[in-house]
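Take a first look at the protein below. The report after it goes from the whole chain to single residues.

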Amino acid sequence: LLRQLGATVHAEIDFNNCIWYPQFCKKRLKVLQFDDWRGFSLDPCPYTIRRAFFDAYKHDAELHRVDLFVCSHPPANCELYMPFNRSILVYATTRLEF
């Protein structure tokens with residue numbers, strides 16, 4: 001859909017789905033750690049994790065090209081992109097999140 005609107009899509013993943021989508025695997029994720037039970041969590045302090053995430057990527061050349069972040073699961077983690085002051089498209093893949 002985004003490509004049909006004229007957008008250039010740059011996708012990256014850095015967890016177990018790499019076995020199905022190896023072309024998107026970058027293995028350059030900073031700050032966050034994947035946990036098989038929780039996925040990517042902002043525990044224990046979302047503010048601290050969000051600040052560290054921003055500090056780790058604020059000078060990243062690829063991130064500076066981004067006009068719109070598309071994030072999905074879990075939707076609560078989309079707050080990681082708020083400090084970058086860009087538009088965020090949240091694609092909620094679940095009806096209820098705990």
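What follows is a short tour of the fold, its bonds and its surface.

## The model as a whole

This is a predicted model. The average pLDDT of the protein is 80. A score of at least 70 is reached by 84% of the residues. Confidence is highest in helix 1, residues 46–57, with a mean of 92. It is lowest in strand 1, residues 34–35, where the mean is 68. Where pLDDT is low, the predicted coordinates should not be read in detail.

The protein has 2 helices and 4 strands. Read from the N terminus, the order is β-β-α-α-β-β. The protein has 98 residues, and 23% of them count as buried. About 7600 Å² of the protein is exposed. Carbon and sulfur atoms supply 55% of that area. Among contacts with a separation of 6 or more, 32% join residues 24 or more positions apart.

## The disulfide

How many disulfides does the structure hold? There is 1 disulfide. Cysteine 71 pairs with cysteine 78, and their sulfur atoms are 1.9 Å apart. The torsion about this S-S bond is about 130°, so the disulfide is right-handed. Are cysteine 71 and cysteine 78 buried or exposed? Both cysteine 71 and cysteine 78 are buried. Cysteine 45 is partly exposed, because its relative accessibility is 33%, between the limits of 20% and 50%.

## Salt bridges

The whole structure contains 3 salt bridges. The table lists them with the N to O distance.

| Basic residue | Acidic residue | Distance, N to O |
|---|---|---|
| Arginine 50 | Glutamate 79 | 2.9 Å |
| Arginine 51 | Aspartate 55 | 3.8 Å |
| Lysine 58 | Aspartate 55 | 3.4 Å |

Start with the salt bridge of arginine 50 and glutamate 79. Arginine 50 sits in helix 1, and glutamate 79 sits in the loop between strand 3 and strand 4 (87–90), so the pair ties together parts 29 residues apart in sequence. Glutamate 79 has a relative accessible area of 21%, so this residue counts as partly exposed.

Next come arginine 51 and aspartate 55. Both lie in helix 1. They are 4 residues apart, about one turn of the helix. Aspartate 55 also meets lysine 58 in a salt bridge. Arg51, Asp55 and Lys58 are thus linked in a network of salt bridges.

How exposed are the members of this network? Arginine 51 is partly exposed, at a relative accessible area of 36%. Aspartate 55 is partly exposed too, at 37%. Lysine 58 counts as partly exposed at 33% relative accessibility.

## Two buried residues

Phenylalanine 54 belongs to helix 1. Why does phenylalanine 54 count as buried? Its relative accessibility is 17%, and buried means under 20%, so phenylalanine 54 counts as buried. Which residues does phenylalanine 54 touch, not counting those up to four places away in sequence? They are Pro83 and Phe84. Phenylalanine 54 and proline 83 are 29 residues apart in sequence. In space, their C-alpha atoms are 6.5 Å apart.

Asparagine 77 lies in the loop between strand 3 and strand 4. Its relative accessibility is 12%, so asparagine 77 also counts as buried. Leaving aside neighbours within four places in sequence, asparagine 77 is in contact with Phe40, Ser41 and Leu42.

## A nonpolar patch on the surface

Now turn to the surface. Which residues form a nonpolar patch there? They are Leu68, Val70, Leu89 and Tyr91. Together they have about 380 Å² of accessible area. Valine 70 is in strand 3, residues 68–71. Its relative accessible area is 46%, so valine 70 is partly exposed.

## In brief

One disulfide joins cysteine 71 and cysteine 78. A salt bridge joins arginine 50 and glutamate 79. A network of salt bridges links Arg51, Asp55 and Lys58. Phenylalanine 54 touches Pro83 and Phe84, leaving out residues up to four places away in sequence. On the surface, Leu68, Val70, Leu89 and Tyr91 form a nonpolar patch.

Terms used: Residues are numbered from 1 along each chain as its sequence is written. This is a predicted model: local features need pLDDT of at least 70, side-chain atom pairs count only at pLDDT 80 or more; totals for chains, interfaces and linings use all residues. Side-chain values use heavy atoms; hydrogens and water are left out. Patches are made of residues with over 30% relative accessible area and no salt bridge: like charges are joined within 9 Å, nonpolar side chains (Val, Leu, Ile, Met, Phe, Trp, Tyr) within 5 Å. Accessible areas come from the Shrake-Rupley method with a 1.4 Å probe; for residues, only the protein chains shown count as cover. A salt bridge is a side-chain nitrogen of Lys or Arg within 4 Å of a carboxyl oxygen of Asp or Glu. Buried means under 20% relative accessible area, exposed over 50%, partly exposed in between (1.4 Å probe, protein chains only). pLDDT is the predictor's confidence in each residue, from 0 to 100. A disulfide is a pair of cysteine sulfur atoms within 2.5 Å. Contact means heavy atoms within 4.5 Å.
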